[in-house]
Amino acid sequence: MTTSPETRTDLELEALYRDLAAVDLKPLWTITEQLLTPTPQPKAIPWLWSAATMKPLARRAIQLVPVERGGERRVLSLQNPGLGGRPYAAGTLWGALQCLGPRETAPAHRHTPGAIRWVLEGEGVWTTVDGDACDMHPGDLVLTPSWNWHDHVNGGDSEMFWFDGLDLPMVEALDAVFFEQYPGLGENQPQPAEHNLSERAHPPGTRYVQGAVDGALTPAPSPLLIYRWADTAAELDALAAGSDEPLIALEYVNPTTGASVLPTLACSVLRVRAGGRSRPVRRSGNAVYVAFQGHGSTVIDGQRFDWGPGDMFVAPSWSAVEHAADEQADLFLLTDAPVLRALGVHREQVLPGPQPVTGTFTPR
């Protein structure tokens with residue numbers, strides 16, 4: 001029996017693929033469509049973690065997992081169901097709820113991933129960042145730039161909760177994670193005689209920009225380590241008084257350069273007016289939102305997410321996102337925009353009209 005030319009070619013092609021696989025080679029022509037997609041195809045999915053679920057679990061953790069038993073930090077990380085068990089909110093962003101009980105201390109360490117803290121609830125806590133003790137109050141933003149020593153101290157009698165945001169997944173993807181304990185395991189940095197040194201060194205001035213940073217880029221983090229909610233709220237009020245837009249966006253900036261606060265992370269606050277609805281927008285890059293004040297809803301790729309104070313939700317890259325609120329509401333926003341802008345791959349698209357709502361998310 002003779003073999004046709006077509007059959008012979010097929011057999012030879014199968015043999016080629018086996019031989020390529022045997023030496024760890026992959027033919028591009030078989031996977032081009034998987035690699036070069038028309039639009040981003042993030043593995044993370046839109047998701048919401050409710051405060052009603054997280055807060056009781058965090059309080060149980062305070063009782064059952066002392067800092068000395070649970071490691072250096074008592075943190076509940078946002079685990080996106082689309083990431084196969086990875087403890088990340090999105091492909092490039094870590095998000096978490098951190099809690100510190102009365103009179104507790106989380107000892108000092110440092111790491112190459114950069115971090116931010118957005119305070120949700122509590123008083124009497126300070127974070128010391130490379131020797132600067134930054135007092136924390138609800139609505140304050142505290143920066144922990146890459147490779148800065150940092151520890152958390154609760155000097156009061158009440159618990160505190162804050163949102164942790166890190167670029168850990170991004171730095172891990174670059175194979176650049178380094179971590180170091182402070183000399184003397186379980187110890188803190190020496191406490192300075194005065195707190196909030198960076199705040200006094202950088203008096204009120206250029207700390208915010210309306211909308212989002214679109215110009216300055218720098219590898220240097222902001223030298224101002226804490227941004228007060230009182231200042232942020234005053235800036236939002238002033239912008240809202242001069243505009244009738246349904247959504248007011250305000251990004252925190254490095255006061256010396258006008259760049260985003262960290263080279264890898266951008267932090268913003270969004271104010272949704274009572275009765276307001278923003279236009280749906282797609283942006284490349286991932287976003288984690290934290291509801292601070294008021295109640296509202298966000299439609300992400302057609303799915304409605306209802307939120308209130310303390311809720312956290314994620315919009316993966318190139319999701320269509322629009323916000324609405326029946327009462328005035330404020331959202332904190334963490335994104336990886338500085339990296340996308342630096343690489344020249346940041347894109348934005350405003351959709352012509354509201355998205356049809358195909359379903360409403362039910363929190364676990």
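Is A274 buried or exposed? In this predicted model, A274 is exposed, because its relative accessible area is 53%; buried means under 20% relative accessible area, exposed over 50%, and partly exposed in between (1.4 Å probe, protein chains only). A274 is found in the loop between β15 (266-272) and β16 (276-277). Helices (H or I, at least four residues) and strands (E, at least two) are DSSP runs, numbered from the N terminus. Leaving aside neighbours within four places in sequence, A274 is in contact with A325, D326, E327 and Q328, where contact means heavy atoms within 4.5 Å. The C-alpha atoms of A274 and L247 are separated by 9.8 Å, with these positions 27 residues apart along the chain.

A word on how to read the numbers. Residues are numbered from 1 along each chain as its sequence is written, and side-chain values use heavy atoms, with hydrogens and water left out. As this is a predicted model, local features need pLDDT of at least 70 and side-chain atom pairs count only at pLDDT 80 or more, while totals for chains, interfaces and linings use all residues.

Now let us turn to the interior. The largest nonpolar core has 79 residues; such a core is a set of buried Ala, Val, Leu, Ile, Met, Phe, Trp, Tyr and Cys residues joined through side-chain atoms within 4.5 Å. Strand β18 (residues 287-293) gives the most to this core, with six residues. The residues with the most contacts inside the core are I116, W118, L141, F163, Y252, Y289 and F332. Take F163: beyond its neighbours within four places in sequence, its contacts include I116, W118, V288, V290, M312 and F332. In soluble globular proteins, nonpolar side chains tend to be buried together.

Helix α3 (residues 51-64) is a good next stop. Its 14 residues should span 20 Å at 1.5 Å a residue, and its end C-alpha atoms are 19 Å apart, which agrees; the expected span is 1.5 Å times one less than the number of residues. A51, M54, K55, A58, A61 and I62 of α3 are buried. Seen down the helix axis, these buried residues fall within an arc of 120°, so they line one face of α3; the arc is that of the directions from the helix axis to the C-beta atoms. They pack against β1 (47-49), β2, β3, β5 (115-121), β10 and β21 (312-315). On the other side of α3, A52, R60, Q63 and L64 are exposed.

Finally, look at the charged pairs. The structure holds 18 salt bridges, each a side-chain nitrogen of Lys or Arg within 4 Å of a carboxyl oxygen of Asp or Glu. One of them brings us back to α3: the side chains of R59 and E159 meet at 2.5 Å, N to O. This pair links distant parts of the chain, with R59 in α3 and E159, 100 residues apart from it, in the loop between β9 (150-154) and β10 (160-166). R59 is partly exposed at 34% relative accessible area, and E159 is partly exposed at 21%.

R74 and E104 also form a salt bridge (2.7 Å, N to O). R74 lies in the loop between α3 and β2 (75-77), and E104 in the loop between β3 (94-100) and β4 (105-111). R74 counts as buried because its relative accessible area is 7%, and E104 is buried at 16%.
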